[in-house]
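Reader: I am new to reading structures, and I would like to understand how the words used for them are justified. Could we go through one model together, step by step?

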Amino acid sequence: MSTESVIQPFLHAVRAIHARGVDRAALADIIRLVEDLTTRHDLFNFERFPAPSADSGETQFRYRLNDDGESPTLYLNSLLPGKSTLPHNHETWAVIVAVQGQELNRVYQRADDGRDPARAQLVLDREVVVQPGIPIGFLGEDLHGIRVDGERPTLHFHLYGRPLESLENRYGVREDGTVINYNKSQMSPSIQAYGL
């Protein structure tokens with residue numbers, strides 16, 4: 001069985017939810033659909049979607065599993081221990097569901113009024129360790145940063161309402177409160193893996 005034969009019915013179900021509009025309740029419905037994919041270890045594993053080697057200079061591989069324009073886009077991410085990101089938004093809804101490994105997600109709230117586009121003041125709201133059985137979901141303006149601790153790489157599904165590559169207004173916040181364009185400064189290209 002190919003990943004395509006599993007992903008297409010999955011995307012059909014996600015698109016039905018997406019078409020109605022995504023709020024926190026819809027995120028929970030989408031997460032349940034993604035959790036079903038995590039049981040398919042025959043299709044979604046390190047053998048088919050390897051992690052970067054520690055000596056390669058890469059800290060993550062992001063496999064793009066479909067190419068459907070502006071409709072929801074599914075990725076399978078593998079992050080090495082030590083990988084971290086700046087706090088950032090997604091500009092669209094997003095869910096992260098683990099196949100293997102742990103990823104610390106720090107979820108932030110803005111403490112400023114957002115009027116200065118070059119600065120942001122963030123306050124830590126909560127921490128969630130995403131791992132098998134503990135997913136997380138975000139709406140477009142929710143902010144989080146991640147860090148992978150331990151000794152094992154991750155293999156996690158990331159599903160976004162729009163392709164990451166199309167999101168021009170995502171922003172990240174540096175430790176000093178400086179706001180930067182996240183995609184232009186932080187995002188590496190995805191590995192095209194549809195049809196595997």
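**Strand 2, helix 2 and the sheet**

Author: Let us begin with strand 2, which is mostly covered, since 7 of its 7 residues are buried. Please keep in mind that this is a predicted model.

Reader: What makes both faces of strand 2 count as covered?

Author: A residue is called buried when its relative accessible area is under 20%. On one side of strand 2, Thr73, Tyr75, Asn77 and Leu79 are buried, and on the other side Leu74, Leu76 and Ser78 are buried as well. This fits a general pattern, for in a regular strand the side chains alternate between the two faces of the sheet.

Reader: How do you know that strand 2 pairs with strand 1 and with strand 8?

Author: Two strands pair if at least two bridges are found between them. Strand 1 (residues 60-64) is joined to strand 2 by 5 bridges, and the two run antiparallel; here Arg64 has Tyr75 as its bridge partner. Strand 8 and strand 2 also pair in the antiparallel sense, over 5 bridges, and Leu76 stands opposite Phe157 of strand 8.

Reader: Why are strand 6 and strand 11 called edge strands?

Author: The sheet is an open one of 6 strands in the order 6-3-8-2-1-11, with mixed pairing. Strand 6 and strand 11 (191-192) each pair on one side only, and that is what makes them the edge strands. For strand 6, the pairing is with strand 3, to which 3 bridges join it in an antiparallel arrangement, with Ala94 opposite Phe138.

Reader: What makes the length of helix 2 close to the expected one?

Author: Helix 2 (residues 24-37) has 14 residues, and from its first C-alpha to its last it reaches 20 Å, which is close to the 20 Å expected at 1.5 Å a residue.

Reader: How do you know which way the buried residues of helix 2 point?

Author: The buried residues of helix 2 are Ala26, Leu27, Ile30, Ile31, Val34 and Leu37. Seen down the axis of helix 2, they fall within an arc of 145 degrees, so they line one face of the helix. In general, an α-helix has 3.6 residues a turn, so residues three or four places apart point the same way.

Reader: What covers these buried residues of helix 2?

Author: The cover includes helix 1 (3-20), strand 2 (73-79), strand 3 (94-100), strand 6 (136-138) and strand 8 (155-160). Helix 2 lies across those four strands, strand 2, strand 3, strand 6 and strand 8, and runs at about 25 degrees to strand 3.

Key:
Residues are numbered from 1 along each chain as its sequence is written. This is a predicted model: local features need pLDDT of at least 70, side-chain atom pairs count only at pLDDT 80 or more; totals for chains, interfaces and linings use all residues. Side-chain values use heavy atoms; hydrogens and water are left out. The expected span of a helix is 1.5 Å times one less than its number of residues. Buried means under 20% relative accessible area, exposed over 50%, partly exposed in between (1.4 Å probe, protein chains only). The arc is that of the directions from the helix axis to the C-beta atoms. Contact means heavy atoms within 4.5 Å. Axes are lines fitted to C-alpha atoms, for helices over the stretch in contact, and angles run from 0 to 180 degrees between N-to-C directions.
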